[in-house]
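Please walk me through this model in the viewer, one selection at a time. I would like to know what to pick next and what is found there.

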Amino acid sequence: MTPDQRRDLAQALAAIDLPHPLVDPRLLRRRRFGLLFITACCIGLAAWIAILILTLPGRYTSSNWRTVWVGLDIAELIGFAATGWAAWRQRQVVIFFMTMTGTLLLCDAWFDTALDYGSSGFTTSIFSAVLAEIPLAFIMFSAARRLVRVNVETLMQLTGTVGPMPPLWRVPLFADGLQECLPARMRQRPGDVRAGGVTTGGRPSS
């Protein structure tokens, strides 16, 4: 088979054998609940932020200062260790661990600089954030983004989708409608894909 024929066959098989995940009513209900839950969280958090702005004191002394910072560093250590394990074992969960670790690093940089502002340790906190925590977080987020793109590119190849990788914000969650993410000139027109007498719609061709 030629490369074009293999691509057409892959598209036909993908259209026939891979129904959209949200066809399952249970998943559709969970999606709706998740959207409502996230909306409620946004509203609740916005209200809580307003309350904190009005009620929090400008100064506060904590008796668990050491526990908080050591706990945060332990969480970062766990994140790095989990990321290393998942990368070594080549597991998809490495994307989650990278995102988690990068977020912890940004939290570390934020609390370091914000809490040390106006003190003798502020300069050290700035250097630590600029030279260590923020660059490491950027590396984690960039690597996670790259792995997601590799997954989508692999899916495009397996389904015979032609064209460059679209930006992630345009890629559907379940890859349904991936063709619509591509520039118009690179999309397959309906009825163009035929393989072995079967169209992508799953009907025998005439």
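## Aromatic pairs

Start with the rings: this predicted model has 4 aromatic pairs. Select Phe96 and Phe97, one of these pairs, whose ring centres are 5.6 Å apart and whose planes meet at 55 degrees, so the pair counts as tilted. The cut-off for edge-to-face is over 60 degrees and the one for stacked is under 30. The two residues differ in cover: Phe96 is exposed because its relative accessibility is 52%, while Phe97 is buried because its value is 17%.

Next, select Tyr117 and Phe122. These two form an edge-to-face pair, with 5.3 Å from centre to centre and 90 degrees between the planes. Tyr117 has a relative accessibility of 65% and therefore counts as exposed. Phe122 has 24% and therefore counts as partly exposed.

## The whole chain

Zoom out and colour by secondary structure. The chain has 5 helices and 2 strands, and along the sequence they come in the order α-α-α-α-α-β-β. There are 206 residues, of which 23% count as buried. Switch on the surface: the accessible area of the chain is about 14900 Å², and carbon and sulfur atoms supply 66% of that area. Among contacts with a separation of 6 or more, 52% are between residues 24 or more positions apart.

## Helix 2 and a nonpolar patch

Keep the surface on and go to helix 2, which spans residues 25-55. Select Trp48, which lies in this helix. Trp48 is partly exposed, because its relative accessibility is 48%. Now add Leu45, Ile49, Ile51, Ile53 and Leu54 to the selection: with Trp48 they make up a nonpolar surface patch. Together the residues of this patch have about 680 Å² of accessible area.

## Two buried acids

Hide the surface and move to helix 3, residues 65-89, where Glu76 is located. Which side chain of opposite charge is nearest to Glu76? Select Arg66 to see: this residue is the nearest one, and it is 17 Å away. Glu76 is buried and has no salt bridge. To see what surrounds Glu76, show Thr101, Leu104, Leu105 and Asp108, which it touches when residues up to four places away in sequence are left out.

Then go to helix 4, residues 94-116, and select Asp112. Asp112 is likewise buried without a salt bridge. Keep Arg66 on display, since for Asp112 too the nearest side chain of opposite charge is Arg66, here 14 Å away. Add Trp69, Ser125 and Glu133, the residues that Asp112 touches beyond four places in sequence.

## The loop between helix 3 and helix 4

Follow the backbone from helix 3 to helix 4 and stop in the loop between them, where Gln90 is found. Check the backbone angles at this point. What is the phi of Gln90? The value is near 55 degrees, which is positive although Gln90 is not a glycine. Gln90 is exposed because its relative accessible area is 72%.

## The salt bridge

Finish with the charged side chains. Side chains of opposite charge can pair when their charged atoms come close. How many salt bridges are there? The count is 1. Select Glu153 and Arg146, the two partners, and draw a distance between their closest N and O atoms: the value is 3.7 Å. The cut-off for a salt bridge is 4 Å, so the pair counts as one. Neither end is buried: Glu153 is partly exposed because its relative accessibility is 24%, and Arg146 is partly exposed because its relative accessible area is 42%.

Definitions and conventions
Residues numbered from 1 in each chain as written. Predicted model: local features only at pLDDT ≥ 70, side-chain atom pairs only at ≥ 80, totals over all residues. Heavy atoms only, no water. Helix = DSSP H or I, 4+ residues; strand = E, 2+ residues; numbered from the N terminus. Buried < 20%, exposed > 50% of the residue type's maximum accessible area, 1.4 Å probe, protein only. Lys, Arg positive; Asp, Glu negative; His and termini not counted. Contact = heavy atoms within 4.5 Å. Patch = residues over 30% accessible without salt bridge, like charges linked within 9 Å, V, L, I, M, F, W, Y side chains within 5 Å. Areas by Shrake-Rupley, 256 points an atom, 1.4 Å probe, with all protein chains shown as cover. Phe/Tyr/Trp six-rings, centres within 6.5 Å; stacked < 30°, edge-to-face > 60°.
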